[in-house]
Amino acid sequence: MSTLTITGIEAVERFPCFGGSCAALVQGSGPAGSPFEAAALARHRLEAWNGQFSRFERDSELSRINRDPRETVPVTPAMAMFVNAALGAAELTGGLVDPTLTPQLERAGYDRDLVAEPFPLADALKLSPARRPAGPNPQARWLRVTVNAAAKTLTRPPGVRLDTGGIAKGLFGDLLAGALGGHDAFAVDAAGDVRFGGRAGAVRQIKVPSPFGGSIIHTFELSEGAAATSGISKRSWLDRAGRPAHHLLDPSTGRPAFTGVVQVTALAPSGTEAEALSKAALLSGQDRAASWLPHGGLIVFDDGSAQVHQ
Amino acid sequence: MADDRKRLVAERLAERRRRTVRLRKRVIAASASTFGLAWAVIFVQLVSGHDPALAHKARTTTTAATSNAPASRTSSSSASSSAATTPVTTSQS
């Protein structure tokens, strides 16, 4: 007697989220139910977090916290986790990844969801200032931000407003990995931050598009971990003074960073770490970017050349 | 005369039996061929990852999801069936 068994069914949910396109992919039944149920669960959680952590939604928890004049404010457990992750990223990168640059981001023009076509990277590079590595903000305001997880409170100096940046997306991928890790295979794409794994140890292709046009310039093949990509081409515009701008700021100047590196993909065991490493690598400039990729990754330079680190 | 009629009847009956057997064999062969062909088509379809039951489930989910989403948004669900995982793209976040 023979039995026909069909394996490898992958449920896929694709949906808009975090100002981009998100996806949840699950193979095999597991703790979160069938592959379809698990993918739907991931989608619902990502959409809920999107509403909770958006800087552009007036009623989001983040916006309410940023408006709150009190030095210490109550927060949800998810917000407490995010702030801890953001402070961890700041510590890991020596302040290069700084979650307290919201006023500078707004001054640079990133005060709303960017829906217009990005300013072409090649043109931005022609108009941009001389290349230089970014540095931490000497005031290091993030050092004065604390979270009391037991009391569910956040304390920060008056006037300090937080931005989720990409760290939140990395964290959400990590949280979903906890729910989906018991399935055969899964991948969560949080608007470009990818977390993947599964008990079957299946290899998954992770594709990296070029910042100069979108064609795939490299494909990693991995079974578990995270990949995050930071770059200056997707969210880019001309500011009020006609200068090229983007959302990755040099904390030392509060201005968009032009370091000679235009895009970095970092691999890491967790999404939070991958996100922090990719940003730190880009901000560090072309000479030091590779030192931020201990788990591997891909660096794309101003001239379009790319370096793969396995 | 009577013997001739009996022989004729017997021959006709024998011919009818042979014809019945012949038709029965043809019907059985045609049925078996049709079943085998249908089975092979469905087998190939499932193995190649195009289970219509799964495709139907995905469409249902898509409809439900889209109806709950704002008009300006689009979303989709689907199922793919293959031994490998679906590639994903890491892009600037």
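This text walks through a predicted model, taking a sheet shared by two chains, then chain B, then the nonpolar core.

Strands of a sheet pair through backbone hydrogen bonds, in either a parallel or an antiparallel manner. The sheet considered here is open and has three strands, in the order β9(A)-β8(A)-β2(B), with mixed pairing. Its edge strands are β9 of chain A, residues 216-222, and β2 of chain B, residues 88-89. Each of these edge strands pairs on one side only.

Within chain A, strand β8 covers residues 204-209 and runs antiparallel to β9(A), with six bridges joining the two. Individual positions show how these strands line up. Pro209(A) lies opposite Ile216(A) of β9(A), and Val208(A) has His218(A) of β9(A) as its bridge partner. β8(A) and β9(A) form a hairpin with six residues between the strands. In this hairpin Gly214(A) adopts a positive phi near 95°.

Chain B, which supplies β2 to the sheet, contains two helices and two strands. Read from the N terminus, its elements follow the order α-α-β-β. Chain B has 93 residues, of which 11% count as buried.

The remaining topic is the nonpolar core. In soluble globular proteins, nonpolar side chains tend to be buried together. In this model the largest nonpolar core has 91 residues. Those with the most contacts inside the core are Leu25(A), Ala39(A), Ala266(A), Leu277(A) and Ala281(A). Ala266(A) serves as an example: leaving aside residues up to four places away in sequence, Ala266(A) touches Leu277(A) and Ala281(A), and also Ala228(A), Ala274(A), Ser278(A), Trp292(A), Leu293(A) and Gly297(A).

Conventions. Residues are numbered from 1 along each chain as its sequence is written. Chains are lettered from A and ligands numbered from 1 in the order in which they are written. This is a predicted model: local features need pLDDT of at least 70, side-chain atom pairs count only at pLDDT 80 or more; totals for chains, interfaces and linings use all residues. Two strands pair if DSSP finds at least two bridges between them. Helices (H or I, at least four residues) and strands (E, at least two) are DSSP runs, numbered from the N terminus. A residue is buried if 20 or more other C-beta atoms lie within 10 Å of its own, exposed if 12 or fewer, and partly exposed in between; C-beta atoms are placed from the backbone. A nonpolar core is a set of buried Ala, Val, Leu, Ile, Met, Phe, Trp, Tyr and Cys residues joined through C-beta atoms within 7 Å. Two residues are in contact if their C-beta atoms, placed from the backbone, lie within 7 Å.
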